[in-house]
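Reader: Give me a close look at the charged side chains around one helix. Keep it brisk.

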Amino acid sequence: LFNNNPILLVEGDDDVRIWQQAIRTSNGTIKFYPCSVGGVGNLSDYENSVIEIINGVYDNAKAFSLRDRDDGDDNIVDNPPLVRLKLSCRAAENLILCDEVLTSLNSSWANLEAEIEKWLVTFTTNAKFGQIAAFKSDGYNRKDFDLKEIRNIIIGLTGTSKPWEVA
């Protein structure tokens, strides 16, 4: 299993759904087995367990772990046979704002920005208004803004009915 579809440790269930979708739509070019560790705080323990299993059972196998960048730009180093990766954006939610994802949703950044502007005029009493307004006042920082609380509003503004993880 580890040789054909290496394990990919991810922070949570939403990350598992993202990678399962990537695997399904890659037509066999992406081959991982995503596994949630139940939060970034558990990642090190899972990494150590996977390393122990791989070293004890397999020859030349690899495993991977992927974490959100969050607020830090700290470098992480591999711990062979485990390859450690970190997103260059704040979190997986920020991926919905990349041009490739927006294009796959028949949208664009210009369209989404216009929809956000309309939303801000229309939904001034919405509980998430302050967070959407902060996103705007932060210069629509697609890479670094914390989108966790507004991700569903943002994905809805693209006009898709897909869950954000699928997009």
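Author: Here is a walk through helix α1 and the charged pairs beyond it. The model is predicted: local features need pLDDT of at least 70, side-chain atom pairs count only at pLDDT 80 or more, and totals for chains, interfaces and linings use all residues. Residues are numbered from 1 along each chain as its sequence is written, and side-chain values use heavy atoms, without hydrogens and water.

Helix α1 spans residues 13-25 and holds R17; D14 lies there too. Helices are DSSP runs of H or I, at least four residues, and strands are runs of E, at least two, numbered from the N terminus. R17 is partly exposed, at 39% relative accessibility. Buried means under 20% relative accessible area, exposed over 50%, partly exposed in between (1.4 Å probe, protein chains only).

D14 is buried yet has no salt bridge. A salt bridge needs a side-chain nitrogen of Lys or Arg within 4 Å of a carboxyl oxygen of Asp or Glu. For D14, the nearest side chain of opposite charge is R151, 4.2 Å away. Contacts of D14 (heavy atoms within 4.5 Å), not counting residues up to four places away in sequence, include E93 and K148.

Those two pair with each other: the side chains of K148 and E93 form a salt bridge (3.0 Å, N to O). K148 sits in the loop between α5 and α6, E93 in the loop between β4 and α3, 55 residues apart. K148 is partly exposed at 41%. E93 is buried at 2%. The structure holds twelve salt bridges.

Terms used. Lys and Arg count as positive and Asp and Glu as negative; His and the chain ends are not counted.
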